[in-house]
Amino acid sequence: MSDTMLLDCTLRDGGYVNDWKFGHDNLVSIFERLVDANLDIIEIGFLDERRPFDINRSIMPDTDSVARIYGRLDRKQAMIVGMIDYGKCSVEHISPCKESFLDGIRVIFKKHLREQAFAFCRELKTLGYKVFAQLVSVTSYDDEEMMDVVRLANEVRPYAVSMVDTYGLMHQNNLLHYFHLLDKYLEREIGLGYHAHNNFQMGYANCIAMLSNRVERRMIVDGSIYGMGKSAGNVPIELVAMYMNNSLGKQYHISQILEAVDANISQFYRPATWGYNMFYYIAASNDCHPEYVAYLMNKRTLSIKSVNEILGRLEGEKRLLYDERYIERRYVEYQKNEVNDTKDRERLGLALREKDILLVGPGVTVRTQRKQIDDYIGAYNPIVISINYVPEGIEPDYIFLSNAKRYVQLATRLSQEKYVLIATSNVTGTNADAFDYVLNFSALMDPEARIVDNSLVMLLKALLSLGCTRATLAGFDGYSDEASNYYNVEMEYDFAKNMAEYLNEYTDTFLAGIHGKMEITFLTETRYHN
């Protein structure tokens, strides 16, 4: 019986979409989601000596650079590999495997370079790496040329030989022709892989066709998160993982892959540049109306795990008959996640009461009016609390987290840099130990509002309940129905522009209601009346 393995190539093949500039936090978050999904092999990017090191990009000049990006992360069970396009990274830039974060290297090459490429594979193998020989544009090989590949592979004994359908031309007949030819003549210790491109939308079907074979060798199929890749993209790895769980007894955690789609990959999909739609995938897998998925996702406060859990609570005919008030009730019920926060409130009150407090929001004025902020911090040395993000160049004393999706995006950085975290109970789930303070969501939300969980309002409510009587605000610019006014446009809520007037009026009303109980000063320009 074959050992079947699933390889993710998002950070390498997906980089064709964005010139490999995922951003460091995204690189880390994607890697960790893939590890937690229990994937067998993770390809972390290209090795290309022509490119300078950039901590935000998954294309690196040498193996030492890999550790500079990923070296502090826990790979757990995963095999970690990089890729070299033969001729673009010489062996001088490759450290021995025992000194590298990589376990293996995939070498991609065109057929006329196969002799030289296999010789290069031999050198990499001597350095201790598991080496994968990747046959570019496999459909261009005739049987005689493929037998020559077999000869070379049997001499070098790479970890695997992979059929790369570079232009997405394969159907099951020619895929299986190459598969059976290679399976018959390759030495049994050499694995057999398949890398799909989805030009004919055949990637998923072809993976199933290959995995349906029972052979006495290792089989490896590639995919990328949400199918991210140039032109038509790759086979979506979440689909292949689902098939392998159902048919081959694998235990891939698909919810982790979907978290990466939502938190890390979807930003590169707008405007759509490849593939299919995750809303419909989630709807189909939960037997519910797609509008329920859209409603929950558009809030941009929920992790995918939470979205799936809410959808799993839909009942009877309501599953397919969309009802906005019904899904809002399910959302609020889910978010409450009641905890006993008495001790955390007591501790936090002692730390914050009677102190100068500066709240830092995500508005663009954090950058454009930075001098006012820096001058204020220098003059008053306040306790700084940022909301749902880490502001660049400002060191927060606390971070207030009310948004589960933002927490997923920041989780690794927050744990590594040891920030003091105040989380509402909707964020914590079963991971309450990751937070220094946990406050009940239900006590801070506004069930009568159109947006029940306005983060600024929730934090001000919390501070009031702790006995704080004054706060200075920076970066709370108010909402706009025109250009984005966020420090980072990725933080903007999808609904904000359509509801800008309401959201500003709602916040103004709240601020007026606490006048006399709490002194609020805006340090930077704002659309709120103050």
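Trainee: In E12, which residue is the bridge partner of Ile387?
Mentor: This is a predicted model, and the pairing is read from its backbone. Strand E11 (residues 383–387) and strand E12 (residues 398–401) run parallel and are joined by three bridges. Within E12, the residue that partners Ile387 is Phe400.

Trainee: In what order do the strands of the open sheet of seven strands stand?
Mentor: Strands of a sheet pair through backbone hydrogen bonds, either parallel or antiparallel. In this open sheet of seven strands the pairing is parallel, and the order is E14-E13-E12-E11-E10-E15-E16.

Trainee: Which are the edge strands, each of which pairs on one side only?
Mentor: The order of the open sheet begins with E14 and finishes with E16, and from one strand to the next the twist averages 25°. Pairing on one side only marks the edge strands, and these are strand E14 (437–439) and strand E16 (519–522).

Trainee: Turning to E5, which residue there is the bridge partner of Met83?
Mentor: Strand E4 (residues 79–85) pairs with E5 over five bridges, and the two run in the parallel sense. In E5, Met83 has as its bridge partner Arg106.

Trainee: Which residue in E6 does Gly104 stand opposite?
Mentor: E5 also pairs with strand E6 (residues 130–135), in the parallel sense and over six bridges. In E6, the residue opposite Gly104 is Lys130.

Trainee: Through which helix does the chain cross from E5 to E6, and is this β-α-β crossover right-handed or left-handed?
Mentor: E5 and E6 pair in the parallel sense, and the chain passes from one to the other by way of helix H5 (residues 114–126). With H5 as the connecting helix, the β-α-β crossover is right-handed.

Trainee: Are the two faces of E5 covered or open, and which residues lie on each side?
Mentor: Strand E5 (residues 104–109) is mostly covered, with six of its six residues buried. Both faces are covered, and the buried residues are Gly104, Arg106 and Ile108 on one side and, on the other, Ile105, Val107 and Phe109.

Trainee: Arg114 is in helix H5; is Arg114 buried or exposed, and with what relative accessible area?
Mentor: Leaving out residues up to four places away in sequence, Arg114 touches Phe109, Glu145, Asp148, Val149 and Leu152. A residue counts as buried under 20% relative accessible area, so Arg114 is buried, its own relative accessible area being 16%.

Trainee: How many of the 13 residues of H3 are buried?
Mentor: Helix H3 (residues 24–36) reaches 18 Å from its first C-alpha to its last, close to the 18 Å expected at 1.5 Å a residue. Its buried residues include Leu27, Val28, Ile30, Phe31 and Leu34, and just after H3, Asn38 takes a positive phi of about 70°. H3 is largely enclosed by the rest of the structure because the number of its 13 residues that are buried is ten.

Trainee: What separates the C-alpha atoms of Trp20 and Ile59?
Mentor: Trp20 lies in the loop between helix H2 (15–18) and H3, and is buried, with a relative accessible area of 9%. Leaving aside neighbours within four places in sequence, the residues in contact with Trp20 include Phe46, Arg51, Asn56 and Ile59. Although Trp20 and Ile59 are 39 residues apart along the chain, the separation of their C-alpha atoms is 6.2 Å.

Trainee: What relative accessibility does Asp8 have?
Mentor: Asp8 is in strand E1 (residues 4–8). Not counting residues up to four places away in sequence, Asp8 touches residues including Leu34, Ile41, Glu43, Ser224 and Ile237. Asp8 counts as buried, at a relative accessibility of 0%.

Trainee: At what angle do H6 and H7 pack, and how far apart are their axes?
Mentor: Two packed helices are described by the angle between their axes and the distance between the axes. Asp143, Met146, Met147, Val150 and Asn154 in H6 meet His177, Tyr178, Leu181, Leu182 and Tyr185 in H7, and the crossing is right-handed. Helix H6 (residues 143–156) and helix H7 (residues 172–185) pack at an angle of about 40°, and the distance between their axes is 10 Å.

Trainee: What covers the buried residues of H7?
Mentor: In H7, the residues Leu175, Tyr178, Phe179, Leu181, Leu182 and Asp183 are buried. What covers them includes H6, strand E7 (160–164), strand E8 (191–195), helix H8 (203–211) and strand E9 (219–223).

Note on methods. Residues numbered from 1 in each chain as written. Predicted model: local features only at pLDDT ≥ 70, side-chain atom pairs only at ≥ 80, totals over all residues. Heavy atoms only, no water. Helix = DSSP H or I, 4+ residues; strand = E, 2+ residues; numbered from the N terminus. Expected span 1.5 Å × (residues − 1). Buried < 20%, exposed > 50% of the residue type's maximum accessible area, 1.4 Å probe, protein only. Pairing = 2+ DSSP bridges. Right-handed = clockwise from strand over helix to strand, strands pointing away. Axes fitted to C-alpha atoms, helices over the stretch in contact; angles between N-to-C directions. Contact = heavy atoms within 4.5 Å. Left-handed = near helix turned anticlockwise from the far one by under 90°.
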